[in-house]
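Please open the model in your viewer and display the protein as a cartoon, with side chains available on selection. The tour below proceeds from one selection to the next.

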Amino acid sequence: MINIPDKITSICCIGAGYVGGPTMAVIAQKCPHIKVMVVDINKDKISQWNDENLDHLPVYEPGLKEVVAEARGRNLFFSTDIDKAIDEAQMVFMSVNTPTKTYGKGKGQAADLKYIESSARKIAEVAKSDKIVVEKSTIPIKTAQAVRKILSNTENGVNFQVLSNPEFLAEGTAIRDLYNPDRVLIGGEQSEDGLKAIEALVDIYANWVQRDKILKTNIWSSELSKLVANAFLAQRISSINSISALCEKTGADVDEVAKAIGMDSRIGSKFLKASVGFGGSCFQKDILNLVYISRTYGLTEVAEYWENVLKINDYQKFRYADKIIEALNNTLSDKKIAFLGWAFKKNTNDTRESAAIYIADTLIEDKGEIYVYDPKVAHSRMFEDLNYLETRNVEINKRYLHPVNDPYEAMKGAYAVAVITEWDEFRDYDWEKIYDNMIKPAYIFDGRNILDHKRLKEIGFIVSALGKASDDIPI
Ligand SMILES: NC(=O)c1ccc[n+]([C@@H]2O[C@H](COP(=O)([O-])OP(=O)(O)OC[C@H]3O[C@@H](n4cnc5c(N)ncnc54)[C@H](O)[C@@H]3O)[C@@H](O)[C@H]2O)c1
């Protein structure tokens with residue numbers, strides 16, 4: 001029998017990233033009776049979480065710094081002392097990264113579980129009392145089996161229960177999502193100990209989430225549901241993006257089509273906005289993972305079905321980049337192109353898999369001079385993202401990529417403006433002034449359909465918008 005108290009008072013979270021940080025901050029804020037230790041192997045990240053200046057937190061999320069300000073030092077702590085934090089906790093969350101494997105078996109598709117495995121081994125090594133171990137990371141179905149195997153071979157008499165509790169927050173709205181989740185999903189072993197562990201975690205969330213929104217399932221349903229949720233969300237984006245290409249050819253307007261179909265209650269209106277393609281650390285890797293798992297079970301048709309969601313996403317990114325090159329007479333040599341946005345979506349500083357990286361890469365291949373303004377992304381991050389692709393050497397990237405702090409500077413003397421991220425501030429710029437300072441004809445490629453196209457055309461811009469026919473630009 002597992003020996004854990006009915007009411008948990010001490011938890012630890014391994015991984016202080018985009019999920020671990022905000023999730024634990026909210027748990028600490030909502031549960032002042034629980035001590036929450038967030039640990040990470042990355043010393044810099046932990047010191048940023050502990051920074052006196054809350055503008056230096058490693059994660060930007062609206063509302064996050066207020067939550068950290070309230071709970072940090074009271075019952076929320078960030079530390080690199082992983083062993084001590086695990087040892088003292090009754091419940092340990094694993095919130096480490098689970099990227100796509102870049103080597104060996106499953107390279108390019110399967111999830112790399114090395115961080116999960118090392119966390120599980122660390123727990124097994126240092127735990128001196130019984131613990132509930134919670135998979136918060138997104139992992140392939142059946143991972144709990146591997147974690148259990150590691151934990152059950154310690155020979156030190158410590159008992160563990162493994163739960164699956166995937167996180168559904170969206171970056172940019174993480175705090176709102178954590179405060180008011182559509183649902184909380186908890187999967188566990190259907191045994192007496194397993195059910196006891198599930199209830200212990202339910203009791204934590206029940207401090208602020210209605211109990212009828214807390215779903216209890218078997219562990220495999222919970223693990224799989226997270227991958228499926230992300231696959232369905234990404235599929236909607238690829239669906240509308242595929243239609244955006246058809247709209248441009250036919251004169252239909254993708255926003256009008258999205259509204260018309262979204263009012264059908266069976267379809268719903270959310271996640272139907274055409275864009276330069278989805279980015280973020282999750283959608284691509286989770287679909288690749290689903291594809292890999294399906295193939296592993298011999299389900300070729302299922303794998304191919306989901307693979308196409310990714311194909312359309314790549315198609316959309318490169319289609320957008322091609323439009324820019326084509327409009328500028330098939331050569332970008334010595335031409336300044338301004339990027340508005342580098343983050344994969346607004347209200348986050350996360351750039352992982354952002355469409356901006358691939359679009360910049362394609363334009364730089366054509367010798368375009370890319371000037372980037374993003375309100376939250378560090379300039380060094382942009383170089384790291386581009387260098388990671390290894391398309392050309394680091395010095396050449398430095399020569400063509402120019403991050404700037406002022407959007408007007410980015411657009412001054414530019415041939416074209418590419419709207420990559422949907423930051424609200426872009427709508428309110430002085431577009432007359434921008435037009436006056438650009439090379440003519442002045443192009444705008446609105447990759448998010450957020451600007452007032454009618455007004456921009458009146459000013460004199462040639463506007464190319466996704467999913468909208470244009471008389472002026474080859475599409
Ligand atoms: N980012 C999202 O929007 C989101 C949403 C839902 C779920 N997820 C999932 O949550 C998981 C974490 O994602 P993230 O975006 O927070 O990743 P992240 O890269 O921002 O954070 C992971 C952290 O874990 C740390 N880490 C890795 N191995 C460690 C170890 N052995 N000991 C201590 N720390 C270790 C890393 O240093 C890093 O700081 C992933 O599985 C992801 O798929 C992410």
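Select valine 26 and display what surrounds it. Setting aside neighbours within four places in sequence, valine 26 is in contact with Val67, Ile175, Leu178, Tyr179 and Trp208. The model is a predicted one, and in it valine 26 belongs to helix α1, which spans residues 20-30. Is this residue buried or exposed? Valine 26 counts as buried because its relative accessibility is 1%, and the limit for burial is under 20%. For a distance to display, choose the C-alpha atoms of valine 26 and tyrosine 179: they are separated by 7.4 Å, although these positions lie 153 residues apart along the chain.

Next, select the ligand together with its surroundings. The shell contains 27 residues, of which Asp40, Lys45, Thr98, Glu171 and Lys285 come nearest. Coloured by class, this shell shows nine nonpolar, eleven polar and seven charged residues. Which helix gives the most to the shell? Helix α5, residues 114-126, does so with three residues.

Now display the polar contacts of the ligand one at a time. In the side chain of lysine 285, an N or O atom is 2.6 Å from an oxygen atom of the ligand. The side chain of arginine 352 likewise places an N or O atom 2.8 Å from a ligand oxygen. At isoleucine 41 the backbone takes part: one of its N or O atoms lies 3.4 Å from a nitrogen atom of the ligand. Switching to a surface view, note that the ligand taken alone exposes 830 Å², of which the protein buries 92%.

From Lys285, move to threonine 138. Among the contacts of threonine 138 beyond four places in sequence are Thr98 and Lys285, together with Lys226, Leu227 and Asp286. Thr98 and Lys285 have already appeared among the residues that come nearest to the ligand. Threonine 138 lies in the loop between β5 and α6, and counts as buried because its relative accessibility is 11%.

Stay in that loop and select lysine 142, placed between β5 (131-135) and α6 (143-151). Its phi is positive, about 90°, although lysine 142 is not a glycine. With a relative accessible area of 33%, lysine 142 is partly exposed.

Phenylalanine 271 offers another positive phi in a residue other than glycine, here near 60°. To find phenylalanine 271, follow the loop between α10 (254-262) and α11 (283-296). This residue is partly exposed, at a relative accessible area of 38%.

Turn next to the interior. The largest nonpolar core has 58 residues, and Phe339, Trp342, Leu363, Trp431 and Phe461 touch the most other members. Helix α13, residues 355-365, gives the most to this core, with eight residues. Centre the view on tryptophan 342: its contacts beyond four places in sequence include Ala356, Ile357, Ala360, Val372, Val377, Met382 and Leu401. Among the others are Thr351, Ser354, Asp374, Asp385 and Thr421. Apart from this core lies another, of 47 residues, which includes Ala16, Met24, Leu57 and Leu201.

For the last stop, select lysine 440 and proline 441. What kind of peptide bond joins them? The bond is cis, with omega at about -5°. Proline 441 is found in the loop between α17 (431-436) and β13 (443-446).

Key. Residues are numbered from 1 along each chain as its sequence is written. This is a predicted model: local features need pLDDT of at least 70, side-chain atom pairs count only at pLDDT 80 or more; totals for chains, interfaces and linings use all residues. Side-chain values use heavy atoms; hydrogens and water are left out. A residue is near a molecule or strand if one of its heavy atoms lies within 4 Å of it. A polar contact is a pair of N or O atoms within 3.5 Å; within protein, one must be able to donate a hydrogen and the other to accept it, and residues adjacent in sequence count only if both atoms are side-chain atoms. Accessible areas come from the Shrake-Rupley method with a 1.4 Å probe; for residues, only the protein chains shown count as cover. Helices (H or I, at least four residues) and strands (E, at least two) are DSSP runs, numbered from the N terminus. Ala, Val, Leu, Ile, Met, Phe, Trp, Tyr, Cys and Pro count as nonpolar, Asp, Glu, Lys and Arg as charged, and the others, Gly among them, as polar. A nonpolar core is a set of buried Ala, Val, Leu, Ile, Met, Phe, Trp, Tyr and Cys residues joined through side-chain atoms within 4.5 Å. Buried means under 20% relative accessible area, exposed over 50%, partly exposed in between (1.4 Å probe, protein chains only). Contact means heavy atoms within 4.5 Å.
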